[in-house]
Amino acid sequence: MSSPAPDAAGTWPAPGLWRRMACFLYEGVLLFGVVMIAGYLFSSLTQQRHAMFGREGLQAFLFVVLGIYFVWFWSHGGQTVAMKAWHVRLVDRHGAPVTQPRALLRYLLSWLWFAPALATLHFGALKGGAAIASVLLTGVVAYALLALLHPQRQFWHDAVCGTRLIDAPTRPPT
């Protein structure tokens, strides 16, 4: 894969926030299948008979499976399936492909999307589907809006780990 071409200002333009959020939502839809298959594999291998038994093991297993998914795609072409559909690519701050250690760091830091909401749910002892959904949605939207404060409109975890999301046209610019 060749490095993308910078714009006239010498930077790689970031996709619009709405497009990145649409990609984020589509990624969630696609990951539903990955999580279902991984959950079935875990329950088959551990002979899990009830969803509440071994829940922490399942969560750890899914964390690892999702990590493998994202690190592999980001370090092999810079795009997951959803990112290809929405023409978004992950590169390092110089526009080069992302290494596996950097992709792993980005995966770990990307959980910051959910950390404040999950902490609120845990320490606030909030129960019920509506409360959980509203807190998670509010947390994700607030985190996404923080990108508007960054000079290149990048997410916080990308700024910290030296990566950036860029426009990835279907064909290289001429």
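Start by selecting Arg-19: with a relative accessibility of 26%, this residue counts as partly exposed. Keep in mind that you're looking at a predicted model. Now add Asp-167, another partly exposed residue, at 27% relative accessibility. Their side chains meet in a salt bridge, 2.4 Å from N to O. Zoom out a little and you'll see distant parts of the chain being linked: Arg-19 belongs to helix α1, Asp-167 to strand β2 (residues 163–167), and 148 residues separate the two.

How many salt bridges does the count come to? Three, so let's visit the others.

Next, pick Asp-158 and Arg-106. The closest N and O atoms of this salt bridge are 2.4 Å apart. Asp-158 sits in helix α7 and Arg-106 in helix α4, so the pair ties together parts 52 residues apart in sequence. Are these two buried or exposed? Asp-158 is buried, at 0% relative accessibility, and Arg-106 is buried too, with a relative accessible area of 5%. While Arg-106 is still selected, show Trp-74: the charged end of Arg-106 sits over the Trp-74 ring, 4.5 Å from its centre.

For another salt bridge, select Arg-55 and Glu-56, whose side chains meet at 3.9 Å, N to O. Here Arg-55 is partly exposed at 35% relative accessibility, while Glu-56 is exposed, with a relative accessible area of 53%.

Time for some rings. The whole structure holds 14 aromatic pairs. One of them is Tyr-69 with Phe-70, edge-to-face, with 5.0 Å between centres and 85 degrees between planes. Both Tyr-69 and Phe-70 are buried. Then jump to Trp-113 and Phe-155, an edge-to-face pair at 4.9 Å centre to centre, with 65 degrees between the planes. Trp-113 is in the loop between α4 (100–110) and α5 (115–123), and Phe-155 in the loop between α6 (129–145) and α7 (156–161), so this pair ties together parts 42 residues apart in sequence. Trp-113 and Phe-155 are both buried. Add Arg-20 to the view as well: this residue lies over the face of Phe-155, 4.6 Å from the ring centre.

Last stop: the largest pocket, with a volume of about 1000 Å³. Which residues lie nearest its centre? Select Phe-24, Leu-31, Phe-70, Trp-111 and Phe-114, out of a lining of 30 residues. You've already met Phe-70 in its pair with Tyr-69. Colour the lining by type and you get 22 nonpolar, five polar and three charged residues. Helices α1 (17–46), α2 (55–75) and α4 each supply at least two residues of this lining, with the largest share, 11 residues, coming from α1.

Notes: Residues are numbered from 1 along each chain as its sequence is written. This is a predicted model: local features need pLDDT of at least 70, side-chain atom pairs count only at pLDDT 80 or more; totals for chains, interfaces and linings use all residues. Side-chain values use heavy atoms; hydrogens and water are left out. Rings of Phe, Tyr and Trp (its six-membered ring) pair if their centres lie within 6.5 Å; planes under 30 degrees apart count as stacked, over 60 as edge-to-face and the rest as tilted. Buried means under 20% relative accessible area, exposed over 50%, partly exposed in between (1.4 Å probe, protein chains only). Helices (H or I, at least four residues) and strands (E, at least two) are DSSP runs, numbered from the N terminus. A charge sits over a ring if NZ of Lys or CZ of Arg is within 6 Å of the ring centre and within 35 degrees of the ring normal. On a 1 Å grid over the protein atoms alone, a cavity is a set of points where a 1.4 Å probe fits but cannot get out, and a pocket is an open set with protein on both sides within 12 Å along at least five of seven lines; lining residues have an atom within 4 Å of a point. Grid points are joined across faces, edges and corners, and a volume is the space filled by probe spheres set on the points. Ala, Val, Leu, Ile, Met, Phe, Trp, Tyr, Cys and Pro count as nonpolar, Asp, Glu, Lys and Arg as charged, and the others, Gly among them, as polar. A salt bridge is a side-chain nitrogen of Lys or Arg within 4 Å of a carboxyl oxygen of Asp or Glu.
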